[in-house]
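Trainee: I am new to this structure and would be grateful for a close look at a single part of it. Could you please take the part of your choice and describe it in its setting?

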Amino acid sequence: MTTLRIRKELKATPVEEAGVSYVDVSDPRSGESMRLYDFEWLIAERLAGSSPSEVATWAHQRFGFTTSAHDLIAFAGKLDKLGFVETHDSAAFGRGVAVRPTEPMAAVAPPPPSPAARVSTPEPTMQLDMDAIELDSGPVAPEPPTAPIAPPPIARPITAEVPLPAPTPLHPSLVLTDGPREPDRPAASTMQIEPDVEAQRPAVQLISPTVPVAPIDGGTEKRSSGVVWVLLLFLLGAGGYLVYDFLIAPGMEAARVKVSAAPAAKEFVKTYDGKATVGKAEGLVLSFGEAGKVADVMVAGNEVKEGTTVARLDGAAAIEKELADTHERESFYAAQLKAAQAKNNLAEVKKNEEKLAEKRKRIADLEARATKVRLVATGPGTIAEVMVTAGSAVNAGDAAVKLADKRTTVDFNLIATDAAGIKAGSAAAVVPETGGSASATAKVLDVNGSTVKVELLDDAGGTIKAGDAVLLVRAKVPNVIMLPLGSVMTTPEGEVQVFVLEGGVLRARPVTVLERSATDAFVSLGVRAGDQVVQNPTEQLKEGQKASVE
């Protein structure tokens, strides 16, 4: 048995185009090259060391199509003409042999010729058995050119509308031993493939065509299939152009943008909604909470401080003495409880806890009653008028003393839910409505529904005075950068970001916006002072896109 050997110096390079696998085979000796389908090159390599019948069996198992030994001999002749075969092997491999037909292929092929017929190539219904090959010295006439067949669906892109030349006839000494040649039967195509009935694979032709070929029968179905492929290629090309033109190309082009440098970070003051006007506190009228006899009262014109007692009833002294004694006993029982806990004396712990609770309740009762029998200044001021005298009897709620309050106060009308979170006596801050960094310290005097009364403890270095509009501070946040409102954009995914120009390239920066005004956005994260922030960015700008300043 004679086998084929591919020249060792050939260079085979696997490539892939449009999802189709090829092998580019180049001949360093002649400088020529040929592109084959990958399965063609694998069959060529398999012929080295194996008989055609063995390779035909292997090809059916590997690729799922059926071929014959005689087809592979024709394939070897093609490789020989291309110069891919060792010289001392090609002559032996192409020498004429006689073949005997073996079992027929699928019934889709035409019936075999009569025993008297002699043809130079097998019909599609034959497979060749290399064990039946015998030498035959008798020459026969060359075969007529074979009809071209349609390329498989994976054929290469169309390059020219020219017909494929007819395959070269096989060696003239290759004849059938069971009858003379039938002169008027057309020869089969270069590679005979039996369709796989289960997989319904398309016909395959070895030695890939580089140009389209006409259908065998010129039928309407073949022409319709070609039109569909041409239309599909056109649609794919048009779609690719649109994707490039509208999506890819804009992202690759350098954009022209306007930028502004981000300013230095500052403290950001967030305020409650609702401004108010600074004013002087009105005069405050004080009255006793229960009836009694006035023990003492300050005279008009006296200056008082916050917490100063300006008048008392005669029962106030006894309440004040009992209150002082009860505070002393509270301290005693608190010390006793601590000692009992240190000794883990549970009985003493329980006893002192009860005493301590009793004294604290009494203190609360006495302090509540003390506010009814004595009048205390709620802030700095002057006693403007005294309506009672020492020794006179008064009823609960009768006006007793009027104070002229020197404090500067502000009444803020807030949202009810905001006001509910503010407690009387807590520290506060007030800033001018006009802005700036100045702020005055304040104290909450009273919360009544949505109205919050605060006292200004200073005038913010002279920047806040009576009659000014001010805002109540909700919070102060350090390191906040103020950007133009138009530089902040929201992506279709809902992410808030800005574009920063760095080294001629756009970078998308997610940012955290604390608050927006009519013209500005206050950003706490995502931008640094000095960053070149793009003004009024559009949706066409992309991360990583090249850009320059207008």
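Mentor: A residue is called buried when its relative accessible area is under 20%. By that cut-off, 35% of the 550 residues of the protein are buried. The model is a predicted one, and the protein in it has eight helices and 30 strands. Among contacts with a separation of 6 or more, 71% join residues that lie 24 or more positions apart.

The part I have chosen is the group of helices α1, α2 and α3. Helix α1 covers residues 38–46, and its buried residues are Phe39, Glu40, Trp41, Ile43 and Ala44. These buried residues pack against three strands, namely β1 (11–17), β2 (20–26) and β3 (33–37), and also against the helices α2 and α3. A general point is useful when reading such a list: an α-helix has 3.6 residues a turn, so residues three or four places apart point the same way.

The two helices just mentioned also pack against each other. In general, a pair of packed helices is described by the angle between their axes and the distance between those axes. For α2 (residues 52–63) and α3 (residues 69–81), the angle is about 105° and the axes are 8 Å apart. An angle of 65 to 115 degrees counts as roughly perpendicular, and α2 and α3 are therefore roughly perpendicular to each other. On the α2 side, the contact is made by Pro52, Ser53, Val55 and Ala56, while α3 contributes Ala69, Leu72 and Ile73. Sorted by class, the residues of this contact are six nonpolar and one polar, with no charged residues.

For comparison, the lining of a pocket elsewhere in the protein may be set beside this contact. The second largest pocket holds about 690 Å³ of space. Its lining consists of 27 residues, of which Glu267, Phe268, Val269, Gly436 and Phe522 lie nearest the centre of the pocket. The elements that give two or more residues to this lining are β8 (266–271), β20 (427–432) and β23 (469–484), and the largest share, six residues, comes from β8. Whereas the contact of α2 with α3 has no charged residues, the lining of the second largest pocket has eight, together with twelve nonpolar and seven polar residues.

A charged residue can also be buried here, as Glu455 in strand β22 (residues 451–456) shows. With a relative accessibility of 8%, Glu455 counts as buried. Beyond its neighbours up to four places away in sequence, Glu455 touches Arg407, Thr408, Thr409, Thr441, Ala442, Lys443 and Leu445.

Terms used: Residues are numbered from 1 along each chain as its sequence is written. This is a predicted model: local features need pLDDT of at least 70, side-chain atom pairs count only at pLDDT 80 or more; totals for chains, interfaces and linings use all residues. Side-chain values use heavy atoms; hydrogens and water are left out. Axes are lines fitted to C-alpha atoms, for helices over the stretch in contact, and angles run from 0 to 180 degrees between N-to-C directions. Helices (H or I, at least four residues) and strands (E, at least two) are DSSP runs, numbered from the N terminus. Angles under 35 degrees count as roughly parallel, over 145 as roughly antiparallel, 65 to 115 as roughly perpendicular and the rest as oblique. Contact means heavy atoms within 4.5 Å. Ala, Val, Leu, Ile, Met, Phe, Trp, Tyr, Cys and Pro count as nonpolar, Asp, Glu, Lys and Arg as charged, and the others, Gly among them, as polar. Buried means under 20% relative accessible area, exposed over 50%, partly exposed in between (1.4 Å probe, protein chains only). On a 1 Å grid over the protein atoms alone, a cavity is a set of points where a 1.4 Å probe fits but cannot get out, and a pocket is an open set with protein on both sides within 12 Å along at least five of seven lines; lining residues have an atom within 4 Å of a point. Grid points are joined across faces, edges and corners, and a volume is the space filled by probe spheres set on the points.
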